[in-house]
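Hi everyone, and thanks for coming. I'd like to walk you through one protein model today, at an easy pace. Have a look at it first, and then we'll go through it together.

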Amino acid sequence: MERPVIAYDPEDIGKAIRARRKKLGYTMKEVAEFNQCSLRFVSELERGKPGAGIGLALKIANSVGLDIATIERGSGKWD
């Protein structure tokens, strides 16, 4: 089992999804078709475009076997 990736911004999530997709041998087109979304959406998600919808981003992450988790790191943003 690989070490968890902590995502601080959309680019981190996109990189994790791209790496997992490639590890599994899926194309962006296959991921888009499976998740019933556009190839453009998958491309923008993997590049960390901030406009990607969180619901569909989570669905795509799940479809390539990634769990997105939250971890408490203190009392808030200013820790």
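Let me start with a term we'll need: a salt bridge here is a side-chain nitrogen of Lys or Arg within 4 Å of a carboxyl oxygen of Asp or Glu. With that in hand, the structure holds 4 salt bridges, and I'll come back to them. Please keep in mind that this is a predicted model.

First, the overall layout. The protein has 4 helices and 0 strands, and reading along the sequence gives the pattern α-α-α-α. Of its 79 residues, 22% are buried. The accessible surface comes to about 6,200 Å², and carbon and sulfur atoms account for 55% of that. Now take the contacts with a separation of 6 or more: 53% of them are between residues 24 or more positions apart.

Let's go inside. Which residues make up the largest nonpolar core? There are 11 in all: Ile17, Val31, Ala32, Cys37, Phe41, Val42, Leu45, Ala57, Ile60, Ala61 and Val64. Helices α2, α3 and α4 are the elements that give two or more residues to this core.

If you want to pick out one member, try Val31. Setting aside neighbours within four places in sequence, Val31 is in contact with Arg21, Tyr26, Val42, Ile60, Ser63 and Val64.

Next, please find helix α3, which covers residues 39-46. Its buried residues are Phe41, Val42, Ser43, Leu45 and Glu46. What do these buried residues pack against? They pack against α1 (10-24), α2 (28-34) and α4 (54-63). Just after α3 comes Gly48, with a positive phi of about 80°.

One name in that buried list deserves a stop of its own: Glu46, in helix α3. Is Glu46 buried or exposed? Buried means under 20% relative accessible area, and Glu46 counts as buried because its relative accessibility is 3%. Leaving out residues up to four places away in sequence, Glu46 touches Gly14, Lys15, Ile17, Arg18, Arg21 and Met28.

Two names among those contacts matter for our salt bridges. The side chains of Glu46 and Arg21 meet in a salt bridge, at 2.6 Å from N to O. This pair links distant parts of the chain, with Glu46 in helix α3 and Arg21 in helix α1, 25 residues apart. Both Glu46 and Arg21 are buried. Arg18 comes in as well: Arg18, Arg21 and Glu46 are linked in a network of salt bridges.

Now for two salt bridges that each sit within one helix. A quick reminder for anyone new to helices: an α-helix has 3.6 residues a turn, so residues three or four places apart point the same way.

In helix α2, Lys29 and Glu33 are 4 residues apart, about one turn of the helix. Their side chains meet in a salt bridge at 4.0 Å, N to O. Lys29 is exposed, with a relative accessible area of 52%, and Glu33 counts as exposed at 54%.

In helix α3, Glu44 and Arg40 are separated by about one helical turn, because they are 4 residues apart. Glu44 forms a salt bridge with Arg40, where the closest N and O atoms are 2.9 Å apart. Arg40 counts as exposed at 62% relative accessibility, whereas Glu44 is partly exposed, with a relative accessible area of 23%.

Let's turn to the loop between α2 and α3, where Gln36 lies. Most residues other than glycine have a negative phi. Gln36 is not a glycine, yet it has a positive phi of about 55°. Gln36 counts as exposed, at 72% relative accessibility.

Last stop: the surface. Which residues make a nonpolar surface patch of about 290 Å²? Ile54, Leu58 and Ile68 do. Ile54 is in helix α4 and is exposed, with a relative accessible area of 60%. Ile68 is in the segment after α4 and counts as partly exposed at 48%. You can also follow Ile54 back towards the start of the chain: its C-alpha atom is separated from that of Pro10 by 9.8 Å, with the two residues 44 apart along the chain.

That's my tour. If you take one picture home, let it be the buried pair Glu46 and Arg21, joined with Arg18 in a network of salt bridges. Thanks for listening!

Definitions and conventions. Residues are numbered from 1 along each chain as its sequence is written. This is a predicted model: local features need pLDDT of at least 70, side-chain atom pairs count only at pLDDT 80 or more; totals for chains, interfaces and linings use all residues. Side-chain values use heavy atoms; hydrogens and water are left out. Buried means under 20% relative accessible area, exposed over 50%, partly exposed in between (1.4 Å probe, protein chains only). Contact means heavy atoms within 4.5 Å. A nonpolar core is a set of buried Ala, Val, Leu, Ile, Met, Phe, Trp, Tyr and Cys residues joined through side-chain atoms within 4.5 Å. Patches are made of residues with over 30% relative accessible area and no salt bridge: like charges are joined within 9 Å, nonpolar side chains (Val, Leu, Ile, Met, Phe, Trp, Tyr) within 5 Å. Accessible areas come from the Shrake-Rupley method with a 1.4 Å probe; for residues, only the protein chains shown count as cover.
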